[in-house]
Amino acid sequence: MKINIINKSKHALPEYKTEGAAGMDLIANISEPITLKPLERTLIPTGLFMEIPMGYEAQVRPRSGWSLKHGITCLNSPGTIDADYRGEVGVILANVSNEEFTINDGDRIAQLVIAKHERADWVEVESLSDTERGKGGFGSTGK
């Protein structure tokens with residue numbers, strides 16, 4: 001799949017790091033380091049503008065290493081970049097640790113996954129089909 005992209009950053013385009021990788025790293029494009037205090041959040045620019053094909057989305061997801069080692073995650077994860085969005089891709093990072101964390105220009109801050117999606121048409125009905133689970137909600141299927 002080919003995707004049109006404008007790169008206004010000073011960094012290379014996102015790329016897959018291994019043959020089996022589903023995601024490409026997004027890179028911070030900032031003029032000076034940003035330090036996140038515990039429980040703070042901020043929007044980190046990437047300098048990237050994309051034209052996602054209709055029927056697809058770009059999902060922004062946390063990097064597992066940063067989440068585990070430093071408590072840095074993406075809010076609204078996965079974030080969705082819609083096919084009709086043409087603005088700059090930004091990443092909402094949050095520090096859920098007890099220590100400050102500094103983001104530097106060029107840091108790999110998140111992953112970007114391109115995913116196909118469907119559009120739904122609602123059909124209003126008077127009842128739904130029965131299932132074994134039924135109305136069982138959170139925790140209803142056991143441990």
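**Strand partners and a ring pair**

Visitor: Which residue in β8 is the bridge partner of Pro-45?
Guide: The partner of Pro-45 is Gly-90. The model is predicted, so local features need pLDDT of at least 70 and side-chain atom pairs pLDDT 80 or more, while totals for chains, interfaces and linings use all residues. Residues are numbered from 1 along each chain as its sequence is written, and side-chain values use heavy atoms, without hydrogens and water.

Visitor: What makes β4 and strand β8 (residues 88-95) a pair?
Guide: Pairing requires at least two bridges found by DSSP; β4 and β8 are joined by 6 and run antiparallel. Strands are DSSP runs of E with at least two residues, and helices are runs of H or I with at least four, numbered from the N terminus.

Visitor: Why is the contact of Trp-66 and Phe-101 called edge-to-face?
Guide: The structure holds 1 aromatic pair. In that pair, Trp-66 and Phe-101 lie 4.9 Å centre to centre, with 70 degrees between the planes. Ring centres of Phe, Tyr or Trp (its six-membered ring) must lie within 6.5 Å, and planes under 30 degrees apart count as stacked, over 60 as edge-to-face, the rest as tilted. The name edge-to-face therefore applies to this pair. Trp-66 belongs to helix α1 (residues 64-70) and Phe-101 to strand β9 (residues 101-103), 35 residues apart.

Visitor: Why does Trp-66 count as buried?
Guide: Its relative accessibility is 12%, and buried means under 20% relative accessible area, exposed over 50%, partly exposed in between (1.4 Å probe, protein chains only). Phe-101, at 13%, is buried too, whereas Leu-75, at 33%, is partly exposed.
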